Amino acid sequence: MQNKINVLLIEDDRSICSYITTALSSNGYRVTSAITAAEGLSLCASLCPDILLLDLGLPDMDGLEVISSIRSWSSLPIIVISARSKEQDKVEALDLGADDYLTKPFGPAELMARIRTSLRRRHLSVQDSKYKALELEVDFDKRLVTLAGQEVHLTQIEYQLLTLLAENSGKVLTYSHLIKSIWGPYMDTNNQILRVNMANIRRKLEQNPANPQYIFTEIGIGYRMRENERS
Ligand code: CA
């Protein structure tokens, strides 16, 4: 029992706070909560939690500032929980270093799944050299992509995009993060070139590109690859 996962929750809405605390506690997590950013930041430094759940709309500071502040000294997983449905907020939170986000309202099952994914990703100390999900396999060492055992031929850019997504499977990568990673910081952040390449990748991997099984679109935000079954 001493190995409970410590969750820090920064949320000023007391009813949501107690809902999340109850849900997490009954699933075996230890939860500490704060209702202001200042209190949360201080608890974060003193408790060294395993994961942070962060509301963006806090009374004393914007949640986005909390992310920047924590990222200046810690790489702990941060999941944003927010009523804000504006895509720009989610993009900013992810670009500032949040690992994931959940839009309120959300159910306990989804919350648990996101927490498990974020924790698991952090615990992969050495990057796995293979990605596998359903019939797709990517062998990073051999630079080999297979679908149901058949080699898939990708261009250099398509392969780079696929491996970036596969290495971060389960996590949303924003359009600008993908563009900067592949084409460099001076690339126009116009998404057209990214969309064309993603369409080509999907045509090669997905049985039905309109209903993808491997690479999911988070509309207005970016792409999320199906979680690696090996991790
Ligand atoms: Ca709030």
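What spacing do the donors of the calcium ion follow along the chain? The points below address this matter first and then turn to other features of the model, which is predicted.

1. **The calcium site.** The donors follow the spacing D-x42-D-x1-G along the chain. Asp 12 lies in the loop between β1 (6-10) and α1 (14-26), whereas Asp 55 belongs to strand β3 (residues 51-55), so this pair ties together parts that are 43 residues apart in sequence. The calcium ion is coordinated by Asp 12 (OD), Asp 55 (OD) and Gly 57 (O), at 2.2 to 2.4 Å. Asp 12 is partly exposed, with a relative accessible area of 30%, while Asp 55 is buried, at 4%.

2. **A salt bridge that involves a calcium donor.** Asp 55, a donor to the calcium ion, also forms a salt bridge with Lys 104, with the closest N and O atoms 3.3 Å apart. Lys 104 is located in the loop between β5 (100-103) and α5 (108-123) and Asp 55 in strand β3, so the salt bridge ties together parts that are 49 residues apart in sequence. Lys 104 counts as buried, because its relative accessibility is 18% and the cut-off for a buried residue is under 20%.

3. **Asp 99 and Arg 71.** The structure holds 10 salt bridges. One of them joins the side chains of Asp 99 and Arg 71, at 3.1 Å from N to O. This pair links distant parts of the chain: Asp 99 is in the loop between α4 (87-96) and β5, and Arg 71 is in helix α3 (residues 63-71), 28 residues apart. Asp 99 is buried, with a relative accessible area of 1%, whereas Arg 71 is partly exposed, at 22%.

4. **A network of salt bridges.** The side chains of Asp 100 and Arg 224 meet in a salt bridge, at 3.4 Å from N to O. Here too the pair links distant parts of the chain, with Asp 100 in strand β5 and Arg 224 in strand β12 (residues 222-225), 124 residues apart. Both Asp 100 and Arg 224 are buried. Through salt bridges that share partners, Asp 100, Glu 110, Arg 114, Glu 218 and Arg 224 are joined into one network.

5. **A buried charge without a salt bridge.** Asp 139 is found in strand β7 (residues 136-139). Asp 139 is buried yet has no salt bridge. The nearest side chain of opposite charge is that of Lys 130, 4.0 Å away. Apart from neighbours within four places in sequence, Asp 139 is in contact with Ser 129, Lys 130, Leu 144 and Tyr 159.

6. **Helix α6.** Tyr 159, a contact of Asp 139, is among the buried residues of α6. The others are Glu 158, Leu 161, Leu 162, Thr 163, Leu 164, Leu 165 and Ala 166. At 1.5 Å a residue, the 12 residues of this helix (residues 156-167) should span 16 Å, and the end C-alpha atoms are indeed 16 Å apart, which agrees.

7. **Cysteines.** A disulfide is a covalent bond between the sulfur atoms of two cysteines. A search of the whole structure finds zero disulfides. For Cys 17, the nearest cysteine sulfur is that of Cys 44, 15 Å away. For Cys 44, the nearest cysteine sulfur is that of Cys 48, 7.5 Å away. Cys 17 counts as buried at 8% relative accessibility, and Cys 44 is buried with a relative accessible area of 1%.

Note on methods:
Residues numbered from 1 in each chain as written. Predicted model: local features only at pLDDT ≥ 70, side-chain atom pairs only at ≥ 80, totals over all residues. Heavy atoms only, no water. Helix = DSSP H or I, 4+ residues; strand = E, 2+ residues; numbered from the N terminus. Expected span 1.5 Å × (residues − 1). Buried < 20%, exposed > 50% of the residue type's maximum accessible area, 1.4 Å probe, protein only. Donors = N, O, S within 2.8 Å, 3.2 Å for Na, K, Ca; no water. Lys, Arg positive; Asp, Glu negative; His and termini not counted. Contact = heavy atoms within 4.5 Å. Disulfide = S-S within 2.5 Å.
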